[in-house]
Amino acid sequence: MIDLSVEVAGIRMQNPVLVASGTFGCGEEYSPLFDVGRLGALVTKGITLKPWQGNKPPRICETPAGLLNAVGLQNPGVDAFIHEILPVMKGYGVPVIANIAGFTKEEFVEIAERLTGTGVDGLEINISCPNVKSGGMALGTVPELAAEVVEAVVESTSLPVIVKLTPNVTDIVALARAVTDAGADALSLINTLLGMAIDIKSRRPVLGNVLGGLSGPAIRPVAVRAVWQVSQAVDVPVIGMGGICRGEDALEFILAGATAVAVGSAHFRDPLAAMKIISYLEHYCEENGINDWQKLIGTAWKNK
Amino acid sequence: MGTECRADAQLSDYAARVLEQVAVAPGCRLLTVSSPGLARAASPGQFALLGCGTGYDPFLRRPLSFHRVDVKRGKVSFLYRVKGSGTQWLAERRRGDVIPVLGPLGRGFRHSDRGKRGLLVGAGLGAAPLLFLAERLSRQAWSLTVLLGAPTRTGILRADAFERFGTVRTVTEDGSTPKKGTILDLLQEEINRGGWDTIYACGPRVVLKAVQEISARTGIPAQISVEERMACGLGACLGCACRSASSSGYLRVCREGPVFDAGEVILDD
């Protein structure tokens with residue numbers, strides 16, 4: 001049996017295949033279809049301080065090889081998360097990473113403090129959501145502001161802190177360096193790309209929120225590029241995501257420098273995508289005689 | 001992020017083999033697949049997500065409600081309109097082809113214990129989920145009247161199939177059926193006639209809103225099947241939101257729906 005286990009930001013995982021925030025509910029939705037306990041870790045939908053109802057529909061729109069979404073962080077708030085959702089997620093026996101979304105630095109700190117000691121295994125700071133007007137991407141595109149948030153959260157919690165970055169910036173490496181210097185234990189790359197679609201019949205934007213975040217295989221090369229650039233520039237592990245649908249895609253991210261990967265939109269096309277990716281990685285290592293799969297991380301730039 | 005449990009052990013991604021594909025009207029197809037497990041598990045008003053295409057374009061699956069289910073023969077039928085690349089791909093499937101079918105999904109029609117006089121309102125393709133419902137209700141000795149409406153005669157779908165289970169009344173906007181008007185005219189006639197225990201409706205939002213209004217005004221319980229753009233179908237992605245009437249938030253069409261009690265949701269335009 002191939003050992004795919006890995007440690008990311010001090011969080012021990014049985015394999016490097018996670019689910020991307022906002023695509024997997026609390027695990028319970030997928031549990032009739034496969035053993036959710038086989039995943040590397042679960043990542044929650046973005047959690048805000050107060051309950052948040054999200055954007056008006058339509059919230060999604062299919063696009064070539066992907067989709068736009070503008071869900072807008074709908075969630076019941078951190079307290080309901082802790083009491084109602086976290087116990088369900090912990091029940092699968094794999095680490096739970098809480099994606100947190102403040103609208104201000106102070107809110108990020110307060111959410112982090114409330115989650116500390118609850119059983120959550122790590123935090124993923126969401127300074128990259130394109131679908132809310134304040135916080136989200138507004139904080140995550142300016143390195144100084146992003147660093148301030150990260151520094152404040154790191155000081156407020158004993159939990160590992162992962163920072164999820166937006167690709168909607170000129171220089172993602174500068175952003176990555178800033179949040180790493182501020183104490184981030186790991187980085188998630190990438191959140192969705194800002195996009196939109198227009199209905200030519202109604203001559204109006206399709207999404208209720210007008211703008212949305214693009215995900216799916218359409219954005220994969222952008223994500224691979226971000227992982228390639230950032231993993232060479234910082235010393236913390238990178239969790240790669242963006243259009244990963246098959247085992248080959250996951251391997252591409254690992255070769256680009258990712259220590260773990262997350263599967264998101266692919267679940268909408270194939271609910272078993274993450275399971276198939278884990279199997280692929282096992283077979284790949286077996287067939288190629290690889291005992292330590294982590295030697296593959298960043299091979300594409302280490303061997304250049 | 002729902003936390004309720006449901007005992008849907010039969011929910012699965014079935015590899016369904018195409019048995020038959022029939023054009024029932026211009027642009028409308030009746031697709032029948034073999035999937036005994038799905039047939040056993042499906043209830044009227046529920047739906048499935050059908051995988052379309054072999055690459056990534058189209059990317060999302062297509063949600064289609066169960067049109068007919070033959071448990072004994074393990075057959076499941078879907079009635080759909082060819083609208084875009086996904087349904088076009090489905091329309092090209094032939095006998096023997098395999099389609100991934102994730103289901104059954106969502107909350108279907110509920111039985112009311114008020115009485116067994118049901119009024120079914122199917123506007124256009126809204127007829128799709130009502131045939132399965134009509135069959136199950138008639139088996140339980142319900143007395144049914146089925147209203148089918150469309151702009152023209154070719155849009156009246158499956159009237160002959162419905163006739164086995166109740167009285168069928170049709171209406172077209174261009175008068176190509178004996179009765180000219182909209183389905184709302186027929187609905188109002190039937191409401192005036194009275195004696196209904198439950199209204200079941202599927203169709204465009206304007207029709208569903210009228211059913212909501214009639215239900216609120218007359219006190220006759222109504223259930224409406226709502227459509228929305230959908231991604232995961234499982235309640236995870238929160239993409240298919242419908243405004244809740246009882247709270248400030250949203251309900252998931254794929255999970256709390258697609259069939260809602262008329263007073264449960266606010267249908268935005």
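This is a short walk through a two-chain structure, starting with chain A and ending with the place where chains A and B meet.

Okay, hi everyone. One thing before we start: what we're looking at is a predicted model.

Let's take chain A. It has 10 helices and 16 strands. The radius of gyration of chain A is 18 Å, and the globule rule gives 19 Å for 304 residues, so chain A is as compact as a globular protein of that length. If you lay the C-alpha trace of chain A along its principal axes, it spans about 55 × 50 × 40 Å. Buried residues account for 60% of the 304 residues in this chain. And if you take the contacts in chain A between residues at least 6 apart in sequence, 72% of them join residues at least 24 apart.

Now zoom in on helix H5 of chain A, residues 172–181. Which of the residues in this helix are buried? They're A:Ile172, A:Leu175, A:Ala176, A:Ala178, A:Val179 and A:Thr180. And what covers them? The cover includes helix H4 (143–156), strand E9 (161–165), strand E10 (186–189) and helix H6 (220–233), which belong to chain A as well. After H5(A) comes A:Gly183, with a positive phi, near 115°.

Stay in that neighbourhood and look at A:Leu187. Leaving aside neighbours within four places in sequence, A:Leu187 is in contact with A:Ala176, which we just met in H5(A), and also with A:Ile162, A:Val163, A:Leu165, A:Val230, A:Val234, A:Val236 and A:Val238.

A:Leu187 also shows up in a bigger picture, the largest nonpolar core, which has 199 residues. A:Leu187 is among the residues with the most contacts inside that core, along with A:Val150, A:Val227, A:Ile239, A:Val261 and, from the other chain, B:Val121. The largest share of the core, seven residues, comes from helix H3 of chain B, residues 128–139. Domain 1 and domain 2 of chain B each give it at least three residues.

That brings us to chain B. It's divided into domain 1, residues 8–105, and domain 2, residues 117–225. Their centres, taken over C-alpha atoms, are 24 Å apart. Where they touch, domain 1 puts in 13 residues and domain 2 puts in 13 residues. On the domain 1 side, strand E1 (12–25), strand E5 (68–70) and strand E6 (75–81) each supply at least two residues. By class, that side has eight nonpolar, three polar and two charged residues.

Next, strand E7 of chain B, residues 98–105. Six of its eight residues are buried, so E7(B) is largely enclosed by the rest of the structure. Which strands does it pair with? One is E1(B), antiparallel, over six bridges, where B:Ala15 has B:Pro100 as its bridge partner. Another is strand E3 of chain B, residues 47–50, also antiparallel, over three bridges; there B:Leu49 is matched with B:Leu102.

Further along chain B there's an open antiparallel sheet of three strands, in the order E14-E13-E16. E14 (250–252) and E16 (265–266) each have a single partner strand, so one side of each is left without a neighbour in the sheet. Strand E13, residues 241–244, pairs with E16(B) over two bridges, and B:Ser244 has B:Val265 as its bridge partner.

Last stop, the two chains together. Here 30 residues of chain B are in contact with 40 residues of chain A. The chain B side divides into 16 nonpolar, seven polar and seven charged residues. That's it from me, thanks!

Methods:
Residues are numbered from 1 along each chain as its sequence is written. Chains are lettered from A and ligands numbered from 1 in the order in which they are written. This is a predicted model: local features need pLDDT of at least 70, side-chain atom pairs count only at pLDDT 80 or more; totals for chains, interfaces and linings use all residues. A nonpolar core is a set of buried Ala, Val, Leu, Ile, Met, Phe, Trp, Tyr and Cys residues joined through C-beta atoms within 7 Å. A residue is buried if 20 or more other C-beta atoms lie within 10 Å of its own, exposed if 12 or fewer, and partly exposed in between; C-beta atoms are placed from the backbone. Domain bounds come from an automatic or database domain assignment. Two residues are in contact if their C-beta atoms, placed from the backbone, lie within 7 Å. The radius of gyration is taken over C-alpha atoms; the globule rule is 2.2 Å times the number of residues to the power 0.38. Ala, Val, Leu, Ile, Met, Phe, Trp, Tyr, Cys and Pro count as nonpolar, Asp, Glu, Lys and Arg as charged, and the others, Gly among them, as polar. Two strands pair if DSSP finds at least two bridges between them.
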